[in-house]
Amino acid sequence: MRFIFKNLNILRSALNAINMSFEIKEMVESAGTHLPNLFEFSAFGLLWKETSTLYLYQEESCPPSFTQEVSQNMLRVLSLLGEEPKDLSQVALQVEKRRLRPDHMKMDPKATLKSYLTLPLTIEEEIFGCVSLNSDQSNAFDAEDLQFFSVIGYQMAATLKHFQRISSIKTIAIYDSLTNLYNRRYFEERLTGETQRAFYGGSPLSLIMIDIDHFKKINDTFGHTEGDKVLQEVAHLLKNSVRKKDTVARYGGEEFVLILPEAGLEEAHMIAERIRRLVEQTPLNIGRVQLNITVSLGISNFPIHRAKSKEELVRMADQALYEAKRAGRNRVCIFSGI
Amino acid sequence: MEKGIEEKEKFWTSDRLLDLYSNLLKEIWEVVSALIGESVLILLFRLAIQKAGEKYSFLNTLKVTEEGVWMEGFGEFRTVPPLEIHRGFQALINHLFNLFSALAEGVISREVFPKVFPKLREAERILSQK
C-alpha cells in the first residue's frame with residue numbers, strides 16, 4: 001500500500017510539473033526528470049505533430065541505432081492511428097541524454113528495442129502526436145505502468161491543447177514588444193517555477209539584474225527612438241550571451257534580468273562578466289554616431305545567499321546591482337549580505 | 001409455417017450473439033479504459049470500427065463515446081445473418097487487438113484476453129447450435 005502511495009505522490013509531482021510548463025520542450029524536460037522515479041526505461045519520446053518534432057529524453061549510453069528504432073516505432077504507431085505516414089527524414093530530432101542508469105548497467109552498443117508503451121496524445125478526438133516509453137529489456141512494462149503512463153500522456157495532451165489555445169495570446173502576454181525578450185510577467189512566473197525547483201530539489205539557481213549605465217542621458221541626448229534602439233541592441237547581446245536553459249527578460253525601463261537555473265555563483269559571475277565585456281566592446285550606432293555603452297550587473301544565488309523566497313532572491317540581486325552602480329558602474333557585483 | 005419458425009430461430013440466434021458481443025465490448029471498454037483512458041480508447045474503437053466496417057457494414061452503426069460503446073438500433077442488427085454478426089465482431093476485435101499490440105505490445109492484450117476468449121467460444125457454441 002505504501003508503495004502505491006509513494007508512486008501516486010511521484011505521479012502527482014510529475015503531473016504538476018507538466019501542468020506548470022510553458023513550452024513543449026520544458027514539458028518534455030519536466031516529464032524526463034520525473035519519469036525515472038516511476039519507470040525503468042531507456043528512452044522517453046514525445047512526437048509533436050504540429051512541428052514534426054520528436055523530443056527524445058534518453059539514457060546517455062543509448063546507442064544511435066536504438067534511438068532510430070524508437071523514432072521509427074513512434075512514427076509507425078502514429079500512422080497506424082490514421083495519421084499521414086512520415087519518414088524519419090521529415091522529423092526534427094531533439095535528443096537530450098541523461099544518466100538514467102548506474103555505470104554497471106550501461107546499455108549494450110548493440111541494444112535493440114525490446115519493450116515499449118506508446119500512446120497517442122489525444123483530446124476531443126484531435127491527435128497532437130504520441131508519447132512513448134521504451135526499453136532495451138524484455139517485458140519491461142506492466143499494466144500498472146501503462147495506467148500511470150496513460151495519466152501522464154493525458155496530462156501532456158491536455159497541456160498541449162492548452163498551449164495551442166493560448167499560443168497567440170501567449171505571444172502578446174509573455175513577450176516585451178520592443179525587445180522581443182520575455183516580459184516581467186513571464187519572468188515572475190518562470191522564477192516561481194525555477195525557485196520551487198531549486199528550493200525543493202536542491203539545485204543551484206542564480207539571478208542577474210542588469211541596468212544600462214546613464215541610459216537617461218542617451219534618451220535626453222539622442223531622443224527616445226534612439227533610446228529604444230539601444231534597448232533592442234542590448235537585448236540582442238543578452239540573448240546571445242546566455243545558455244539555452246536561461247531566461248532573459250526585460251524587467252522594466254532599461255533594466256533586464258536573467259534567470260540561470262543550475263548555475264552556481266562562479267558560473268553566474270562568468271556569464272555576467274562576459275555580458276559586461278561584450279556590451280562594453282560592442283559599438284552601437286546611435287543617431288549618426290557610434291557609441292560604446294556600459295552596463296552594471298548584480299548577482300544573487302541560491303543556496304549561497306540563503307534566499308527563502310523568489311522575492312528575496314530578486315531583492316538580493318537588485319541590491320548587488322545598486323552596489324555596482326554605487327561603486328562606479330560598468331561592473332559586476334555579487335550580493336554581499338549587507 | 002416452417003419458414004416462420006426458421007426465421008424466428010435465426011433472429012433468436014442473432015439476438016443471442018448480439019447480446020453476447022454487446023456485453024463483450026462493454027467488458028473490453030471497462031478493462032481497457034482503466035488502463036489507457038477513455039479519450040485514447042474512443043480513438044482506437046473508432047479506428048477498429050472503421051476498418052472492420054469496410055467489410056461488415058452493420059458495424060458502422062456502433063456508437064462510441066466517453067461513456068462507452070453500444071449498438072444503436074438493436075432491431076436493425078437482428079436482420080444480419082448470425083454468421084456475419086460473428087465474423088464482423090471477430091474482425092472488429094482482431095483490429096482492436098492489433099491496435100492494442102501496436103501501442104503496448106502484450107500489456108493490454110494480457111488483461112483483456114481472459115475476458116474475450118470464453119466469449120468467443122460461447123459465440124461459436126451458439127452458432128453451432130443453430
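**Exercise 1. Polar contacts across the interface**

Find how many residue pairs are in polar contact across the interface of chain B and chain A, and which elements of chain B take part in that interface.

*Solution.*
Step 1. Apply the rule for a polar contact: a pair of N or O atoms within 3.5 Å; within protein, one must be able to donate a hydrogen and the other to accept it, and residues adjacent in sequence count only if both atoms are side-chain atoms. The rule finds six such residue pairs between chain B and chain A, both residues at pLDDT 80 or more.
Step 2. Turn to the elements, which are DSSP runs numbered from the N terminus: helices (H or I, at least four residues) and strands (E, at least two). On the side of chain B that touches chain A, two or more residues each come from helices H1 (2–36), H2 (38–53), H4 (82–104) and H5 (106–129) of chain B.
Step 3. H2(B) gives the largest share, six residues.

This is a predicted model: local features need pLDDT of at least 70, side-chain atom pairs (heavy atoms, without hydrogens and water) count only at pLDDT 80 or more, and totals for chains, interfaces and linings use all residues. Residues are numbered from 1 along each chain as its sequence is written, with chains lettered from A and ligands numbered from 1 in the order in which they are written.

**Exercise 2. Extent of the interface**

Work out how many residues are in contact and what area is buried between chain B and chain A.

*Solution.*
Step 1. Count contacts (heavy atoms within 4.5 Å). 20 residues of chain B touch 22 residues of chain A.
Step 2. Take the buried area, the accessible area (1.4 Å probe) that two parts lose on being put together, summed over both. Here that is about 1,700 Å², with 65% from carbon and sulfur atoms.
Step 3. Leu43(B), Leu103(B) and Glu105(B) lose the most area in chain B, together 30% of what that side buries.

**Exercise 3. The salt bridge**

Identify the residues that form a salt bridge across the interface.

*Solution.*
Step 1. Look for a side-chain nitrogen of Lys or Arg within 4 Å of a carboxyl oxygen of Asp or Glu. One salt bridge is found.
Step 2. Arg46(B) pairs with Glu125(A), their closest N and O atoms 2.8 Å apart.

**Exercise 4. Ser206(A)**

Is Ser206(A) buried or exposed?

*Solution.*
Step 1. Locate Ser206(A) in strand S6 of chain A.
Step 2. Use the cut-offs: buried is under 20% relative accessible area, exposed over 50%, partly exposed in between (1.4 Å probe, protein chains only). Ser206(A) has 0% relative accessibility, so it counts as buried.
Step 3. Check its side chain. A polar atom there lies 2.7 Å from the backbone oxygen of Ala263(A). The side chain of Ser206(A) also makes a polar contact with that of Asn301(A), at 2.7 Å.
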